[in-house]
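Open the model in your viewer and switch on side chains as sticks. We will make a few selections, one after another, and look around at each stop.

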Amino acid sequence: MVKDNETVIKEFNELINMTSSELEEWLKEEQSENSGWDKGDGSGETVGHESGRKIIQILDKNPDKDPDQYNEDDLQHMRKVVSYCKRHLAQEEKAKQNTDSRSYKSLKNWGHDPLKT
């Protein structure tokens, strides 16, 4: 069952606990670039790193989190982010315990810092 847009927006804004500038700084770090699945397009960028760049665009475009300001592309990516974060948070308790784990680094690429609660 597909979540309605209102639910996706609410959950996205709850799960993304990094600011645009925090995420931007994190994505510049080497450990961010080396965490996750390669996109497979020859760029060397991971799927999560690309996602982080898209999240920054969404946050910067709509800093007030006005639901009417998100377009279909935003909502599609927000849905993907919510799904990824919820799935990994449910499966990977070690992300909260070990900041050197791939789980921790990957979640941060997706805009969620497990150490922030």
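Start by selecting His-112, which is buried because its relative accessible area is 10%, under the 20% cut-off. Keep in mind throughout that this is a predicted model. Along the chain, His-112 sits in the segment that follows α7.

Now show what surrounds the side chain. Which backbone oxygen lies 2.7 Å from a polar atom of the His-112 side chain? Draw a distance to Leu-15 and you have it: the backbone oxygen of Leu-15 is the partner. Next, expand the selection to contacts, setting aside neighbours within four places in sequence: you should pick up Leu-15, Asn-17, Met-18, Cys-85, Leu-89 and Leu-107.

Leu-107 is a handy bridge to the next stop, as this residue belongs to α7 and is buried there. Select the whole of α7, residues 102-109. Seven of the eight residues in this helix are buried, so α7 is mostly covered. Among the buried ones are Tyr-104 and two lysines, Lys-105 and Lys-108.

Step just past the end of α7 to Gly-111, where the backbone takes a positive phi of about 90 degrees.

For the last stop, go to the loop between α4 (47-61) and α5 (72-91) and select Lys-65. Here phi is positive too, about 60 degrees, although Lys-65 is not a glycine. Most residues other than glycine have a negative phi, which makes this a good place to check the backbone torsions yourself. Is Lys-65 buried or partly exposed? Colour by accessibility to see: Lys-65 is partly exposed, with a relative accessible area of 37%.

Note on methods: Residues numbered from 1 in each chain as written. Predicted model: local features only at pLDDT ≥ 70, side-chain atom pairs only at ≥ 80, totals over all residues. Heavy atoms only, no water. Buried < 20%, exposed > 50% of the residue type's maximum accessible area, 1.4 Å probe, protein only. Helix = DSSP H or I, 4+ residues; strand = E, 2+ residues; numbered from the N terminus. Polar contact = N/O pair within 3.5 Å; in protein donor to acceptor, adjacent residues only side chain to side chain. Contact = heavy atoms within 4.5 Å.
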